[in-house]
Amino acid sequence: MRNTISTLGGTRIDMAGNGIEAINRLEQRAYDIILCDYDLGGGKDGQQLLEEAKRRKLIKNSTIFMMVTAERSYERIVSAAELVPDDYLIKPFAGEVLRLRLERLAEKKSYFSPVFALMDTQNYRRAIQVCDDLLNSPNQYKLDLMRLKAEICLLLGDYDTAGKLYKQILAIREIPWARMGLAKSMYHQNNFGDAVNTFKQVTENAPNYMEAYDWLAKSHSAAGDEQAAQRALMAVTEKSPRMLQRRKMLGETAYRNDDLETARDSYEAVLEFGKHSALTSPEDYANLSRVYIDQGKCDQAMTVLKDARKTFKNSPESLLHGAVMDSLAYQKSGNTEAAEAALKQALENFEACDNKRGSVSLDIARACFQLGDEETGKKVIEDFVQNNHDDRKILLHAEDMFRKIGMHDKGKEIITNSSREVIDLNNQAAQMAQAGDLRGSAELLMQAVAKHQGNTAMALNAAHAILTYMQAHGWDEEWGKSAKEYLTTVKNQEPDNQKYLMLSDLFKETAKNHGLQI
């Protein structure tokens, strides 16, 4: 391969012997072209490498990523293509074929480079302007430009504009990705029924468009039909079984539907396919052990937890998950004394652990309620709900936890009361802003952030209030620092959060309007 690239004019060529080495190289420098074999031997395969690199943003938008594979089986090809490499080649192939493919991709990437450069710095508003400029000049990439602009609009939460763009594209040509984009805009505007019908249309017209099944499942779930969501996920998992996130989604959905066999199979697959992937976490082991506990298979649950501690070298997160699941397993097997000791350790770990996101809070609360410590369990749930008050999926998980331990009505009351406090505070801040008290609105939200430090939605609302105030009354150095801190906190937790992306752009624009370079 090195010789082939050299004959095509390549000068600085790095080789990696496996997926781990490839990730290390991507961490150290940016590449213009990446040729990745699907079969990387032991460890990560090409699919896992691409998934991790994209999630960690190790690949720029301008980088050409081409998958090379000898696998002709349908399953592997569709899995690789689903993760959106720019192109893929089936071995063996002639050097001339590679040259033509690379030249075509390089020409296209070059044309879009001004937009990509802005996207890489998260300057999305300016990126949209450049898309408009290019659309208003003669070009051969009109549909691609419209698609890119629509995708940026989705990122920024401008769902109405995105939907209109996708409709314009569909008026020119029926394309699955455009139909997908239209359905996403419907979903984000809470038009779940229309979204379900449109995603179904994509799956019927393009049965191998795997992402459509994922969104179909999300739309069914948002509409309250968890059984239909599970059916959609089971259908796509049969077609493409190696996507870890999809396996996790199926496990979660099946667990909510009390289909423990499917949940167990899905979580086992996550650990099997994710053995050498950075996308697995201690929570994945906890998910499987939880299913085993509910099935009364406590020995298997303990074995899974032992594997987690070994895999993650007793990291604080793995010790936390391990302790609380130990408590639940001991409870299930009737060893109350051991369960209480494990819960005590879990609560100590919980206080010391920085990463309290995901299911661990619900498991802690469940262990407390089942052992009769209702006060602690209620406090954990209140904090959890208040920090996630606007996340419907997480609130459904909380309701489901209460249902499974026979506390559905009481649990719903706790969730509702906990959410109301935060919602009322946000409403009060909004009313103050509407009445013209922008400073008071921002101050109230900043106080709320100090109280609910894990609430990303609150941090974003406070940042928005600060920026709104400074747009009207001028830049404030201290408040500017606070807004930046809030945005950085969200970025570290949810780098793809759509409101964060929009406010990050607004922060730069506000600073620029006041003569500051950020």
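Colleague: Where does the charged end of Lys404 sit?

Modeller: Start with the ring of Tyr255: the charged end of Lys404 sits over that ring, 4.2 Å from its centre. Keep in mind that this is a predicted model. A second case involves an arginine, for the charged end of Arg147 sits over the ring of Trp177, 4.4 Å from its centre.

Colleague: Rings can also pair with each other. How many aromatic pairs does the structure hold?

Modeller: There are 11 aromatic pairs in the structure. To read one, look at the distance between ring centres and at the angle between the planes; an angle over 60 degrees counts as edge-to-face. Take Tyr285 and Phe312: their ring centres are 5.8 Å apart and their planes stand at 90 degrees, so this pair is edge-to-face.

Colleague: Which parts of the chain does that pair link?

Modeller: Distant ones, 27 residues apart. Tyr285 belongs to helix 15 (residues 282–294), while Phe312 is in the loop between helix 16 (298–311) and helix 17 (316–333).

Colleague: Is Tyr285 buried or exposed?

Modeller: Buried means under 20% relative accessible area. Tyr285 has 11%, so Tyr285 is buried. Phe312 has 21%, so Phe312 counts as partly exposed. Ring pairs can also join up: they link Tyr111, Phe112, Phe116 and Tyr141 into a cluster.

Colleague: Let's turn to pockets. How does one find empty space in a model?

Modeller: Rolling a probe the size of a water molecule over the atoms shows where empty space is left. Here, the second largest pocket has a volume of about 980 Å³. Its lining is made up of 33 residues, and those nearest the pocket centre are Ile13, Asp14, Ile33, Ile34 and Leu35.

Colleague: Which element gives the largest share of that lining?

Modeller: Strand 1 does, with five residues. The elements that give two or more residues include strand 1 (33–37), helix 2 (19–28) and helix 5 (95–120). By residue type, the lining of the second largest pocket divides into 19 nonpolar, four polar and 10 charged residues.

Colleague: Now the whole chain, please. How many helices and strands does the protein chain have?

Modeller: The secondary structure comes to 26 helices and three strands. For the overall form, compare the radius of gyration with a rule for globular proteins: the chain has 25 Å, close to the 24 Å that the globule rule gives for 518 residues, so the chain is as compact as a globular protein of that length. Along its principal axes, the C-alpha trace spans about 70 × 60 × 45 Å. Buried residues make up 49% of the 518 residues.

Colleague: What is the relative accessibility of Ala442?

Modeller: Ala442 has 0% relative accessibility, so Ala442 counts as buried. You will find Ala442 in helix 23 (residues 438–451). The C-alpha atoms of Ala442 and Ala429 are separated by 7.4 Å, with the two residues 13 apart along the chain.

Colleague: Let's end with the backbone. Is the peptide bond from Lys91 to Pro92 cis or trans?

Modeller: That bond is cis, with omega near -5 degrees. Pro92 is in the loop between strand 3 (87–90) and helix 5.

Colleague: Which sign does the phi of Lys57 have?

Modeller: Positive, at about 55 degrees, although Lys57 is not a glycine. Lys57 lies in the loop between helix 3 (46–55) and strand 2, and its 49% relative accessibility makes Lys57 partly exposed. Asn314, not a glycine either, has a positive phi of about 55 degrees. Look for Asn314 in the loop between helix 16 and helix 17; Asn314 is partly exposed, with a relative accessible area of 44%.

Technical notes. Residues numbered from 1 in each chain as written. Predicted model: local features only at pLDDT ≥ 70, side-chain atom pairs only at ≥ 80, totals over all residues. Heavy atoms only, no water. Phe/Tyr/Trp six-rings, centres within 6.5 Å; stacked < 30°, edge-to-face > 60°. Helix = DSSP H or I, 4+ residues; strand = E, 2+ residues; numbered from the N terminus. Buried < 20%, exposed > 50% of the residue type's maximum accessible area, 1.4 Å probe, protein only. Lys NZ or Arg CZ within 6 Å of the ring centre and 35° of its normal. 1 Å grid on protein atoms, 1.4 Å probe; cavity = no way out; pocket = protein on both sides within 12 Å on 5 of 7 lines; lining within 4 Å. Points joined across faces, edges and corners; volume = space filled by probe spheres on them. Nonpolar A, V, L, I, M, F, W, Y, C, P; charged D, E, K, R; others polar. Rg over C-alpha atoms; globule rule 2.2 N^0.38 Å.
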